[in-house]
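Colleague: I'd like to learn how to read the sheets and pockets in a model like this one. Can we walk through it together?

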Amino acid sequence: MFQIKELFHKYKIYKGEGEIVDEKTALSDLTFHIEKGQFVGILGANGSGKTTLALHLAALLAPSSGLVLVRGLDTSRSENILEIRKTAGIVFQNPDDQIVGVTVEEDVAFGPENLGMESSVIDQRIDQSLSAVGMGDKRYFSSHDLSGGEKQKVVIAGLLAMEPECILFDEPTAMTDPRASREIGKAIRRLNRERGITILYITHNISQVEDADYLYIMESGRLAGQGRPLDLFQDPDSMEKWGLALPGWVRLA
C-alpha cells in the first residue's frame with residue numbers, strides 16, 4: 001500500500017518579504033513499507049514528525065527528497081494526486097476542520113458527489129457508511145449539534161462513502177471523551193477486520209494501538225524503532241526513552 005524510500009522533508013522558515021532565513025528538517029531518511037490490509041500504529045512524542053509523515057502518505061505534502069509511493073503512485077507527481085486521495089483518506093484531530101455539510105447526510109454525501117457518483121449510489125453509500133460507525137439513526141441531524149465523538153464518526157463515514165483502500169487517523173480521539181474514544185477505536189478496528197481497509201493510526205498513546213499488527217516509533221523525524229507490539233513491550237527502557245508510556249496491563253505484568 002505504501003512504500004517510503006529515503007524520505008526527507010524540510011520546512012522553510014521565511015522572514016519579511018518572502019526571504020528564506022532557515023530550514024527545519026522534520027523528517028530524515030525514512031525508509032519502510034506498509035502492506036495492504038494491515039493495522040499499523042505510528043507512535044512518537046509531540047514534535048517527532050508523525051503528522052508530517054501522515055501528510056506525505058495522504059499526498060498533502062511533497063518530499064523535499066526521497067520517494068513516497070501510494071499503491072505504486074508517486075506523490076510528487078501532480079497527475080497522481082487525485083487517484084492517491086481516492087485511495088487514502090485522512091482524519092485529523094479536530095472534526096470541525098472536516099465537517100462541511102449542514103446535516104449529517106449532506107456531509108457524508110459531499111465526497112461521493114464530488115466524485116460524480118449517481119444519486120442512488122450515494123444514498124446507498126450514506127446508509128452503509130453511517131451504519132458502519134454506529135450513526136445510522138443520526139442521518140438527518142444537524143452536523144453542528146453533534147458531540148465531538150459523533151462528529152468524528154461522521155468524518156469517518158464521509159471517507160467510507162468514497163470507499164478508500166486506506167484511512168490515516170492523526171490523533172482522532174484527541175478531542176473526545178473516554179467513552180467516545182473507545183467507540184471510535186472499536187469502529188476503526190471493525191473497518192480493518194471486517195472490511196479489510198488498511199489503517200494507519202498516528203498517536204502518542206500506545207494503549208490505542210496495543211493490538212496493531214505492527215508499530216513504527218518516531219523520534220526527532222527519524223524511525224527510532226519498529227516491531228510487533230508485544231515484542232516492543234519487552235523493552236520498557238527504550239519505550240520510556242522514546243517518551244511512550246506502556247499500557248497499564250503491560251506494566252503490571
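Modeller: Sure, and keep in mind that this is a predicted model. Start with the open sheet of four strands, ordered S2-S1-S4-S5 and paired antiparallel.

Colleague: Which strands are at the edges there?

Modeller: Strand S2 (19-34) and strand S5 (73-74) are the edge strands, and each of them pairs on one side only.

Colleague: And what should I picture when you say strands pair?

Modeller: In general, strands of a sheet pair through backbone hydrogen bonds, in a parallel or an antiparallel sense. Here, strand S1 (residues 2-15) and strand S4 (residues 65-70) run antiparallel, joined by five bridges. To find your register, look for phenylalanine 8, which stands opposite serine 65 in S4.

Colleague: Which helix packs on that sheet?

Modeller: Helix H1 (residues 50-57) does, touching S1, S2 and S4. The direction of H1 makes about 115° with that of S1.

Colleague: What about the six-stranded sheet, in what order do its strands come?

Modeller: The order is S6-S7-S8-S3-S9-S10, another open sheet, with mixed pairing. S6 and strand S10 (222-227) each have a single partner strand, so one side of each has no neighbour in the sheet. From one strand to the next, the twist averages 20°.

Colleague: Where can I see parallel pairing?

Modeller: Try strand S7 (residues 166-170) and strand S8 (residues 198-203), which pair in the parallel sense over five bridges. One spot to click on is leucine 168, whose bridge partner in S8 is leucine 200. H5 packs on this sheet too, touching S6 and S7, and its direction makes about 170° with that of S6. Helix H6 (residues 178-195) lies across strand S3 (39-43), S7 and S8, and runs at about 150° to S8.

Colleague: Now pockets. How does one find them?

Modeller: The idea is to roll a probe the size of a water molecule over the atoms, which shows where empty space is left. In this model the largest pocket holds about 550 Å³ of space. There are 20 lining residues, and the closest to the pocket's centre are Arg85, Ile90, Gln98, Leu159 and Met162.

Colleague: Which elements supply at least two residues of that lining?

Modeller: Helix H2 (81-87), strand S6 (88-91), helix H3 (104-114) and helix H5 (148-160) each do. H3 gives the most, with four residues. Sorted by class, the lining of the largest pocket has 12 nonpolar, five polar and three charged residues.

Colleague: Last one: how many helices and strands does the whole protein have?

Modeller: Nine helices and 10 strands. The radius of gyration is 19 Å, close to the 18 Å that the globule rule gives for 253 residues, so the protein is as compact as a globular protein of that length. Along the principal axes, the C-alpha atoms fill a box of roughly 55 × 50 × 35 Å.

Conventions
Residues numbered from 1 in each chain as written. Predicted model: local features only at pLDDT ≥ 70, side-chain atom pairs only at ≥ 80, totals over all residues. Heavy atoms only, no water. 1 Å grid on protein atoms, 1.4 Å probe; cavity = no way out; pocket = protein on both sides within 12 Å on 5 of 7 lines; lining within 4 Å. Points joined across faces, edges and corners; volume = space filled by probe spheres on them. Nonpolar A, V, L, I, M, F, W, Y, C, P; charged D, E, K, R; others polar. Pairing = 2+ DSSP bridges. Contact = heavy atoms within 4.5 Å. Axes fitted to C-alpha atoms, helices over the stretch in contact; angles between N-to-C directions. Rg over C-alpha atoms; globule rule 2.2 N^0.38 Å.
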